[in-house]
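Reader: I am new to this structure and would like to understand the words used for it. Could you take them in turn and set each value against its definition?

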Amino acid sequence: MADLTLFNSLTRQIEPFVPVHSGEARVYTCGPTVYNYPHIGNMRAYVFADVLGRTLTFKGYKLTHVINITDVGHLTDDGDAGEDKMEKMAAEKAQSIWDIAKHYTEAYHADVEALNIRQPAHWSVATDYIEEMLDFATSIADKHCYELESGLYFDVSTVEDYGRLARAVTEEGEGRIDAVEGKRNAADFAIWRKTPAGETRQMEWDSPWGRGAPGWHLECSVMGGKLLGFPFDIHTGGIDHREIHHPNEIAQNQAFCGCGGLSDATNSGAKVWMHNNFLVERSGKMSKSSGEFLRLQLLIAKGYHPLAYRMMCLQAHYRSELEFSWEGLGAALTRLKRMVMQAERLRDDEAGETEHPKFVPLLEKFDAAISDDLNTSIALTVLEEALAVKKVDAGVKRAVVERMDAVLGLGLIDLARADLRIRPKSATITETEIENALERRKAARAEKDFATSDALRDELAAKGVEVMDGDPLGWEWAL
Ligand code: AMP
Ligand code: ZN
């Protein structure tokens with residue numbers, strides 16, 4: 001087997017993966033802030049983390065994966081500026097924060113399932129860890145923090161190499177961090193935010209620094225350390241987290257563990273920090289507020305199978321920016337369909353051995369690709385090569401396809417062609433009605449009754465059904 005190598009954002013280098021605990025891989029993924037629906041860009045981050053987890057399993061490691069659910073603390077700006085995202089949405093909707101969190105957590109889980117993202121060992125919910133957050137903050141407060149009227153702040157000058165992950169200059173800090181009166185360094189951040197006098201928040205707890213709520217960065221340090229133990233193997237998130245959230249998490253971890261500088265990556269709390277690049281729209285950054293809100297459910301409503309979006313993600317390297325377009329999604333769907341057409345023939349056979357002279361080199365090639373910092377685009381082409389191998393026992397082929405697909409997660413053996421048909425939710429005509437009309441049209445054509453045949457075609461067209469004679473993919477019709 002090839003050696004697994006991964007790009008470490010901390011060193012900006014591809015490094016061989018060497019687990020902290022032999023034979024194990026412990027991974028923490030920054031999860032969603034459940035104040036709104038995730039957009040498909042957010043979901044790219046979880047498809048990436050899922051492929052990473054599946055690859056670690058494929059490479060034989062015993063995986064422990066944690067994904068958190070942020071239901072407190074995340075401000076509208078990743079720094080210390082703005083309002084609490086959860087409080088803001090709850091106020092706008094005049095609902096309890098807990099109901100908001102429940103609703104959007106469920107919506108997120110639905111997307112996770114639709115994208116074949118495997119269940120992690122733990123979904124850790126931030127508000128379940130308030131006690132632990134208070135203990136963590138208390139243990140570092142004396143040496144690393146100072147109190148201001150608005151809360152308890154972390155002094156970034158008390159740890160070595162602050163900001164190395166972002167490659168940011170500490171002194172200037174980030175332009176978008178609001179100046180808070182009294183902060184010692186621009187990049188200092190709140191680890192506990194006091195509720196302003198005269199205000200009440202829906203979510204607040206008592207603390208040695210007054211009633212209030214934890215800062216966003218604290219939760220990930222606490223849950224990662226608690227559930228995986230410092231140092232753990234891999235920490236993941238979207239590329240935006242490389243700038244503020246993760247440098248702050250790292251600073252807290254260094255303080256908590258009493259660790260030195262970051263030339264030893266394990267001092268950061270994790271050995272490897274990995275970041276997926278953004279999914280973008282041609283018009284720019286993907287957003288939940290402007291234009292068409294690109295949710296997975298919107299893709300589904302327009303008739304696209306959600307795994308077409310997973311395919312789209314796999315076609316790009318996770319460190320490359322990926323531009324979303326409906327044409328691109330359509331192309332990914334077609335590619336998925338071609339694969340499913342070949343996989344359908346294997347469905348009735350029991351999976352056999354994978355040792356076969358035609359497949360051994362392909363499995364090696366697949367392993368080499370996925371082990372090379374998760375090169376999913378090459379891995380996909382190898383899977384296509386395997387599907388196209390002729391004159392082999394179907395059981396053997398099925399075993400090989402399943403082995404590769406266990407990493408890519410397309411669920412090829414379980415998908416049927418008909419599942420992939422574009423079928424907008426708004427369509428009123430049923431499949432049976434379409435099939436019946438097409439049967440009648442076929443009969444008319446057999447009798448050379450082209451008038452009836454054309455009339456039926458027009459009737460279907462009026463109901464939004466396009467008849468596709470001689471389509472190489474065998475769609476026959478599309479809505
Ligand atoms: P949030 O719910 O805002 O905390 O974001 C959830 C995850 O999605 C984080 O890991 C972000 O870094 C990531 N993310 C946000 N926007 C995008 C995007 N357009 N493309 C890919 N990942 C993103
Ligand atoms: Zn996080």
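**Reading the terms against the values**

Author: Just after helix α13 comes Lys 448, whose phi is positive, near 60 degrees. The model is predicted, so local features need pLDDT of at least 70 and side-chain atom pairs count only at pLDDT 80 or more, while totals for chains, interfaces and linings use all residues. Residues are numbered from 1 along each chain as its sequence is written, chains are lettered from A and ligands numbered from 1 in the order in which they are written, and side-chain values use heavy atoms, with hydrogens and water left out.

Reader: What makes α13 a helix, and how does its reach compare with the span expected at 1.5 Å a residue?

Author: A helix here is a DSSP run of H or I with at least four residues, a strand is a run of E with at least two, and both are numbered from the N terminus. Helix α13, residues 431-446, has 16 residues. The expected span is 1.5 Å times one less than the number of residues, and α13 reaches 22 Å from its first C-alpha to its last, close to the 22 Å expected.

Reader: Which residues of α13 are buried, and why are they said to line one face of the helix?

Author: Buried means under 20% relative accessible area, exposed over 50%, and partly exposed in between, with a 1.4 Å probe and protein chains only. Ile 434, Ala 437, Leu 438, Arg 441 and Ala 444 are the buried residues of α13. Seen down the axis of α13, these residues fall within an arc of 115 degrees (taken from the directions from the helix axis to the C-beta atoms), so they line one face. The face turned away from that buried side carries the exposed residues Thr 432, Lys 442 and Ala 446. Among the elements that cover the buried residues are α14 (450-462), β15 (466-467) and β16 (477-478).

Reader: How do you know that the span of α1 agrees with its number of residues?

Author: Helix α1, residues 40-58, has 19 residues, which should span 27 Å at 1.5 Å a residue, and its end C-alpha atoms are 26 Å apart, which agrees. The helix is also mostly covered, with 17 of its 19 residues buried, and Gly 60, which follows α1, has a positive phi near 95 degrees.

Reader: Why is His 217 called buried, and what does its side chain make a polar contact with?

Author: His 217, which has its place in helix α5 (residues 216-228), is called buried because its relative accessible area is 3%. A polar contact is a pair of N or O atoms within 3.5 Å; within protein, one must be able to donate a hydrogen and the other to accept it, and residues adjacent in sequence count only if both atoms are side-chain atoms. The side chain of His 217 meets that of Asn 248 at 3.2 Å, which is such a contact. Counting contact as heavy atoms within 4.5 Å, and leaving out residues up to four places away in sequence, His 217 touches residues including Asp 78, Phe 189 and Glu 249.

Reader: How do you know that Lys 183 is buried or exposed?

Author: At 15% relative accessibility, Lys 183 counts as buried, and it lies in the loop between β7 and β8. The side chain of Lys 183 reaches the backbone oxygen of Ala 186 at 3.4 Å, and a polar atom of that side chain lies 2.8 Å from the backbone oxygen of Asp 188.

Reader: What is the order of the open sheet of four strands, and which are its edge strands?

Author: Two strands pair if DSSP finds at least two bridges between them, and by that reckoning the order is β6-β7-β8-β9, with antiparallel pairing. The edge strands are β6 (145-148) and β9 (212-214), since each pairs on one side only. Neighbouring strands are turned by 25 degrees against each other on average, direction ignored. β6 and β7 (residues 151-154) are joined by four bridges, and Leu 148 stands opposite Gly 151 in β7. Helix α4 (residues 130-144) packs on this sheet, and its direction makes about 100 degrees with that of β6, where axes are lines fitted to C-alpha atoms, for helices over the stretch in contact, and angles run from 0 to 180 degrees between N-to-C directions.

Reader: Why is one side of β5 and of β11 left without a neighbour in the sheet?

Author: The open sheet of five strands has the order β5-β4-β3-β10-β11, with parallel pairing. β5 (122-125) and β11 (270-276) stand at its edges, each with a single partner strand, and therefore one side of each has no neighbour in the sheet. From one strand to the next the twist averages 20 degrees.
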